[in-house]
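Please look over the sequence and the model shown here before reading on. The report begins with the whole protein and then turns to its parts.

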Amino acid sequence: MKPYVILNAAMTLDGKIATKTGSSEISGEEDLIRVHKIRKEVDAIMVGINTVLVDDPRLTVHKIHAEKKDNPVRIVVDSKGRVPLDFRVLNDEAPTIIAVTENAGPQKIKELEKKVTVLKCGKDRVNLKLLMKELADKGIKTIMLEGGSTLNYSMLENSLVDEVRVCVAPMIAGGKHAKTLADGEGAHQMNDAIRLKLIKSYPLGHDLILEYIVIN
Ligand SMILES: NC(=O)c1ccc[n+]([C@@H]2O[C@H](COP(=O)([O-])OP(=O)(O)OC[C@H]3O[C@@H](n4cnc5c(N)ncnc54)[C@H](OP(=O)(O)O)[C@@H]3O)[C@@H](O)[C@H]2O)c1
């Protein structure tokens, strides 16, 4: 068993989820509200460590009315346990799970364990299939995957994503070093690309929302 995973992202028309400097204010206010409504519905939100290091996000429900109990579990995929101890994802607004590997230092793990739950999954990089199984065992049934590009691609490549929802903003950021919806190694042939089926599309403010299910 694995949790049901919804990959959600905001991107520019050219598929960038951040500029080359890491600036990522893409969504309009209406889209932020849409995202926070999903946060309120899911059991957990998952992000890669680079997203935490660049944005220091709270990963809570705060754009719509919500109580502390409405905050989903926050999961950070962080092989070496690099998350700084004073970052907001470790505050007491919501429970947090840091997924690390044998590469994380024992001292840092001890310090993290004073604040949050630490799960060891794999040797070099977090073993995402194992992580999903452990999260399902903990009763997590639904996850919103909120990036960034590297983790998005790894999750897709491992067939762990069930839905993709994107907010396409009417902007073009350009830049070959700007992060896209899914980076990582990428497919060799277009035949190997991950296939999706469009199930819903609608304008939201100045943006366009596209919702897909993953079919392979
Ligand atoms: N517009 C949006 O919707 C949106 C959403 C989120 C993020 N962003 C932007 O995306 C950028 C960050 O993206 P990113 O691609 O650099 O980083 P990321 O996907 O947030 O984090 C990637 C890191 O996760 C760790 N990781 C551990 N196990 C992994 C595995 N099995 N597969 C993949 N990653 C694994 C690796 O670091 P270790 O080896 O050290 O563990 C890896 O470098 C930021 O600029 C952020 O603002 C935009």
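## Overall architecture

The protein has five helices and nine strands, and the model in which they appear is a predicted one. Read from the N terminus on, these elements follow the order β-α-β-α-β-β-α-β-α-β-α-β-β-β.

For a chain of 216 residues, a compact globule would have a radius of gyration near 17 Å, and because the protein has 17 Å, its value agrees with that expectation. Taken along the principal axes, the C-alpha atoms fill a box of roughly 45 × 45 × 35 Å. Of the 216 residues, 45% count as buried, while the protein exposes about 11400 Å², of which carbon and sulfur atoms supply 52%. Among the contacts with a separation of 6 or more, 66% are accounted for by residues 24 or more positions apart.

## Strands β7, β8 and β9

Strand β9, which covers residues 207-214, pairs in the antiparallel sense with strand β7 (residues 163-169), and this pairing runs over six bridges. Within β7, Val164 stands opposite Tyr212 in β9. Strand β9 also pairs in the antiparallel sense with strand β8 (residues 196-204), here over eight bridges, and Leu196 stands opposite Val214 in β9.

Strands β8 and β9 form a hairpin with two residues between the strands, and in this hairpin Gly205 takes a positive phi near 60 degrees. The loop between β7 and β8 contains Asp192. Is Asp192 buried or partly exposed? Its relative accessibility is 48%, so Asp192 counts as partly exposed, since the partly exposed class lies between the limits of 20% and 50%. The C-alpha atoms of Asp192 and Glu113 are separated by 40 Å, and these two residues are 79 residues apart along the chain.

## Helix α5 and Ser149

Seven of the nine residues of helix α5 are buried, so this helix is largely enclosed by the rest of the structure. The buried residues of α5 are Ser149, Leu151, Asn152, Tyr153, Ser154, Met155 and Leu156. After α5 comes Ser159, whose phi is positive, near 55 degrees.

Ser149 belongs to this helix, which spans residues 149-157. With a relative accessible area of 2%, Ser149 is buried, because a residue counts as buried when this value is under 20%. Which residues does Ser149 touch, if those up to four places away in sequence are not counted? They are Ile17, Lys179, Thr180, Leu181, Ala182 and Asp183. In the case of Thr180, the backbone oxygen lies 2.9 Å from a polar atom of the side chain of Ser149.

## The surroundings of the ligand

There are 29 residues around the ligand, and those that come nearest are Thr51, Ser79, Glu146, Thr150 and Ser154. Ser154 has a polar side-chain atom that lies 2.7 Å from a nitrogen atom of the ligand. Leu151 takes part through its backbone, where a polar atom is 2.9 Å from an oxygen atom of the ligand. Lys179, a residue that Ser149 also touches, has a polar side-chain atom 3.0 Å from an oxygen atom of the ligand.

Taken alone, the ligand exposes 930 Å², and the protein buries 91% of that area. The elements that give two or more residues to the shell around the ligand are β1 (4-12), α2 (49-55) and α5. Which element gives the largest share of this shell? That element is α2, with five residues.

## Arg34 in helix α1

Arg34 lies in helix α1, which runs over residues 29-41. Its relative accessible area is 9%, so Arg34 is buried, given that the limit for this class is under 20%. The side chain of Arg34 makes a polar contact with the side chain of Asp31, at 2.7 Å.

Leaving aside the neighbours within four places in sequence, Arg34 is in contact with Asn8, Arg165, Cys167, Tyr202, Leu204 and Ile209. Several of these partners can be placed in elements already described: Arg165 and Cys167 fall within the residue range of β7, Tyr202 and Leu204 within that of β8, and Ile209 within that of β9. Asn8, in turn, falls within the range of β1 (4-12).

Notes: Residues numbered from 1 in each chain as written. Predicted model: local features only at pLDDT ≥ 70, side-chain atom pairs only at ≥ 80, totals over all residues. Heavy atoms only, no water. Helix = DSSP H or I, 4+ residues; strand = E, 2+ residues; numbered from the N terminus. Buried < 20%, exposed > 50% of the residue type's maximum accessible area, 1.4 Å probe, protein only. Polar contact = N/O pair within 3.5 Å; in protein donor to acceptor, adjacent residues only side chain to side chain. Contact = heavy atoms within 4.5 Å. Pairing = 2+ DSSP bridges. Rg over C-alpha atoms; globule rule 2.2 N^0.38 Å. Areas by Shrake-Rupley, 256 points an atom, 1.4 Å probe, with all protein chains shown as cover. Near = heavy atom within 4 Å.
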